[in-house]
Amino acid sequence: MTGVLGLVNRTLLALAGLLLLAAAGSVLTASRPLGGRHAPLLTAEARQRYWHAEGGWWWAVLAGLALCVLLALWWLAAQLRRPRLAALAVDTGDGAFAVLRGRALEEAVAAEAGALDGVADCRVALRGRRDAPRLRVALELEPHAVPADALAALAGPVLTHARTSAALPELPAEARLKVTSHPARRVT
């Protein structure tokens, strides 16, 4: 139910934003304030009076507006971001179900993948729906690591162990690999 409400929230937010953008565009292009369509927004007298006023308050106003736009864009991006999966229902085999926390599965996969040879750091996020979960794994490899070996070890034992422990027939995963930077050696 939360996914449906989130979808409705994002849809209504997008529609409200488009409506406000269209209204602002029509006001600015169709009828300039107090002067008609072909009149400039600021007359020469207003520009002389306000732009050359004492102090830098125009720059403070512009900086405040820019900050408001950046905060609005950040909030919009946060609204569009997909949340993590909170829990999974695991079939116990006797007709009952147990609840497996999503964070617990993420931490177990991250610990197991982080212990692989050549892996410096690992972050895991469980996404999707309860009936179709998927993993997003970010591996940070050490400079000497072979990416193909790390990926094979992740796809093999680590994901197989996660699948069997959560009683899932399949658990798709997306892996992103990144090599850590190391300081250059000095030759003397």
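**Exercise 1. Classify V69 and place it on the surface.**

Solution. V69 has a relative accessibility of 48%, so it counts as partly exposed. The scale calls a residue buried under 20% relative accessible area, exposed over 50%, and partly exposed in between (1.4 Å probe, protein chains only). The model is predicted: local features need pLDDT of at least 70, side-chain atom pairs count only at pLDDT 80 or more, and totals for chains, interfaces and linings use all residues. Residues are numbered from 1 along each chain as its sequence is written, and side-chain values use heavy atoms, with hydrogens and water left out.

Next, find the element: V69 lies in helix α3 (residues 57-80). Helices (H or I, at least four residues) and strands (E, at least two) are DSSP runs, numbered from the N terminus.

Last, find the patch. L67, V69, L70, L71, L73, W74, W75, L76 and L80 make a nonpolar surface patch of about 960 Å². Patch residues have over 30% relative accessible area and no salt bridge; like charges are joined within 9 Å, nonpolar side chains (Val, Leu, Ile, Met, Phe, Trp, Tyr) within 5 Å. Accessible areas come from the Shrake-Rupley method with a 1.4 Å probe; for residues, only the protein chains shown count as cover.

**Exercise 2. List the salt bridges and find the network.**

Solution. A salt bridge needs a side-chain nitrogen of Lys or Arg within 4 Å of a carboxyl oxygen of Asp or Glu. The structure holds three of them.

- R123 and D121 meet at 4.0 Å, N to O. D121 is partly exposed, at 34% relative accessibility.
- E174 and R136 meet at 3.8 Å, N to O. This pair links distant parts of the chain, with E174 in strand β5 (residues 173-179) and R136 in strand β4 (residues 132-141), 38 residues apart. E174 has 33% relative accessibility and is partly exposed; R136, at 33%, is also partly exposed.
- E174 and R176 meet at 2.8 Å, N to O. R176 has a relative accessible area of 49% and is partly exposed.

Now look for shared partners: they join R136, E174 and R176 into one network.

**Exercise 3. Describe how β4 and β5 are arranged and connected.**

Solution. Start with the pairing: β4 and β5 run in the parallel sense over seven bridges. Two strands pair if DSSP finds at least two bridges between them. One position to check is L139, which stands opposite L177 in β5.

Then trace the connection. From β4 the chain passes through helix α5 (residues 147-165) to β5, a right-handed β-α-β crossover. Right-handed means that, with the strands pointing away from the viewer, the path from the first strand over the helix to the second runs clockwise.
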